[in-house]
Amino acid sequence: MTAAAPSTVAFDGRFARELAEMAIPWQAEEAPDPRLLVLNEPLAAELGLDPAYLRDADGVLFLIGNLVPSGATPVAQAYTGHQFGWLAPRLGDGRALLLGEITDTDGRLRDVHLKGSGRTPFARGGDGLAAVGPMLREYIVSEAMHAMGIPTTRSLAVVATGRPVLRDTLLPGAVLTRVASSHLRVGSFQYARATDDLNLLRRLADHAIARHHPGAADAGQPYLALFQAVVAAQASLVARWMLVGFVHGVMNTDNMTISGETIDYGPCAFLEAFDPSTVYSSIDETGRYSYRNQPVIAEWNLTRLAESLLPLFHEEQEQAIAQAQESLGAFRRQYSAAWSAGMAAKLGLPEGLDDGVASPLVDEVLSLLQAGGADHTSFFRSLSAAARGDAGPVRSLLPDPSAFDAWSARWIALGPDADAMDRVNPAYIPRNHLVEEALAAATGGDLEPLGRLLDAVTGPFDERPGLERYAAAAPEDFGAYRTFCGT
């Protein structure tokens, strides 16, 4: 069903029009009994969408693609992906649709995208559907990431479909309405390169430059400049993940964006006890996507992007490879700089502090944290109290605080800025036991725990009375945590 766009927002089908070889026109499956579970009203306002309309019957149909605004061209996007290191040449949106693009109130072009909207030609035998729990997980974690200032896709709404979804058991189905700068991925370029259509590859690169890195258009080698911009964006992004203890869980090449936004919150989670080898994904048997490996995998994925773009770098392959290697070499330097600056901020260290002083402090505190098995988020948040003269909270997190006392004496002597620390060390993150509690309740029809959790994590740096349990580590009986892809 097609209707006028909600409010005064004009939809476009730019991706579908400019890259038709990578887009299959498709329609979302009709939901038998759609019901709005959660709506992101601030994001709706950013997009120029009327929240009152979105809560109305027609608005809910719009949110799940059953009422398509004029100007929109819903398509399933094609892309390739290295999944756990193995190439899958034809992935694409198996259970998702790009509704189209809109220009938000700041003049930025944004994708409006559906997840769990039904089977497409890329479904590969899957049912194309999604359950309430995984869609709400993405809503919670993506909005928490946004609140922490980490680039991410956003969640506009989750709508229950009234259709059961069969996984290990029957679960209530849902559709997530997602917003992004775009859904261009490393896998998009792998797909275009595999077609051997140089014109398609060039048009895709031009599209990416226009959408995300317009400064590259004025460079002497615009496609090399595009690659360099993506390298820099991903170095910054992954450093930010590491600084807050975020574990993505499935860093396949189809899950790395060209924009530098975090995408696809499947088996993701946040560190509890600090252990760099932590893996949360139930299917990551080798630890490929462990916390410590995320920078390494990001570099690996960017190497696949470089391979895809080689024909655009230089007509002589040897020169193209040399240029790609030189540009890729910047990743480690940029990641290291972003990580070091972020750790200095977490410790409240003064700007301009000599690296010979800062680096040993950082290395030692991480060793203390790991040896003591302390909760990552609680430890760094409690450090600001120590900077104000009360070391009790942070010492209580460590089984043997004597080593911390020795480290702390040198740290305190540098005059750490406690207020600045509180601006970068969150008090509230989507703690794994609280996420599971909220998802289980919502699956059973109770949305109150979800609302309380969202209230905490969307104001992560502002400690508030009554939210103490949202700042506390998981109880000991919570046990080892595993997450699932949600497909």
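In the predicted model, V175 is found in strand β12. V175 counts as buried because its relative accessibility is 4%, and buried means under 20%. Leaving aside neighbours within four places in sequence, V175 is in contact with L63, I64, L114, K115, G116, S117, A157, V158, V159 and T161. Two of the strands described below contribute to this list: L114 and K115 fall within the residue range of β10, 109-115, and A157, V158, V159 and T161 fall within that of β11, 154-166. A further position was compared with V175 by distance: L36 lies 139 residues away along the chain, and the C-alpha atoms of V175 and L36 are separated by 9.7 Å.

The strand that holds V175 is mostly covered, with eight of the 11 residues of β12 buried. Strand β12 pairs with β11 (residues 154-166) in the antiparallel sense, and nine bridges are found between them. The connection from β11 to β12 is a hairpin of three residues. Within this pairing, S155 stands opposite R178 of β12. Strand β12 also runs antiparallel to β10, to which it is joined by five bridges. Here H113 is the residue that stands opposite R178. R178 of β12 therefore faces a residue in each of two pairings, S155 in one and H113 in the other, where a pairing requires at least two bridges between the strands. In a regular strand, side chains alternate between the two faces of the sheet.

Strand β10 (residues 109-115) is likewise mostly covered, as six of its seven residues are buried. Besides its pairing with β12, β10 is joined to β9 (residues 96-103) by seven bridges, and these two strands run antiparallel. One of the bridges links T103 to L109 of β10. Strands β9 and β10 form a hairpin with five residues between them, and in the turn G107 has a positive phi of about 85°.

Positive phi values are also found at residues other than glycine. Phi of F84 is near 55°, and F84 is found in the loop between β7 (81-83) and β8 (86-88). F84 counts as partly exposed because its relative accessibility is 23%, a value between the limits of 20% and 50%. D264 also has a positive phi, of about 65°, although it is not a glycine. The place of D264 is in the loop between β13 (246-247) and β14 (269-270). With 15% relative accessibility, D264 counts as buried.

Another loop residue is S182, which lies between β12 (170-180) and α6 (186-194). S182 counts as buried because its relative accessibility is 1%. Its side chain takes part in two polar contacts. The side chain of S182 reaches the backbone nitrogen of L184 at 3.1 Å, and a polar contact of 2.6 Å joins the side chains of S182 and H212. When residues up to four places away in sequence are not counted, S182 touches D111, R211, H212 and E261. Of these, D111 falls within the residue range of β10, 109-115.

P69 is placed in strand β5 (residues 68-69). P69 counts as buried because its relative accessibility is 2%. The C-alpha atoms of P69 and I150 are separated by 31 Å, and the two residues are 81 residues apart along the chain.

Enclosed space was examined as well. The structure holds four cavities of 30 Å³ or more, and the largest cavity contains about 60 Å³ of space. The largest cavity is lined by 13 residues, of which Q234, W241, N255, M256 and T257 are the closest to its centre. By residue type, the lining divides into five nonpolar residues, seven polar residues and one charged residue. Helix α8 (residues 222-244) gives the most to this lining, with three residues.

Key:
Residues are numbered from 1 along each chain as its sequence is written. This is a predicted model: local features need pLDDT of at least 70, side-chain atom pairs count only at pLDDT 80 or more; totals for chains, interfaces and linings use all residues. Side-chain values use heavy atoms; hydrogens and water are left out. On a 1 Å grid over the protein atoms alone, a cavity is a set of points where a 1.4 Å probe fits but cannot get out, and a pocket is an open set with protein on both sides within 12 Å along at least five of seven lines; lining residues have an atom within 4 Å of a point. Grid points are joined across faces, edges and corners, and a volume is the space filled by probe spheres set on the points. Helices (H or I, at least four residues) and strands (E, at least two) are DSSP runs, numbered from the N terminus. Ala, Val, Leu, Ile, Met, Phe, Trp, Tyr, Cys and Pro count as nonpolar, Asp, Glu, Lys and Arg as charged, and the others, Gly among them, as polar. Buried means under 20% relative accessible area, exposed over 50%, partly exposed in between (1.4 Å probe, protein chains only). A polar contact is a pair of N or O atoms within 3.5 Å; within protein, one must be able to donate a hydrogen and the other to accept it, and residues adjacent in sequence count only if both atoms are side-chain atoms. Contact means heavy atoms within 4.5 Å.
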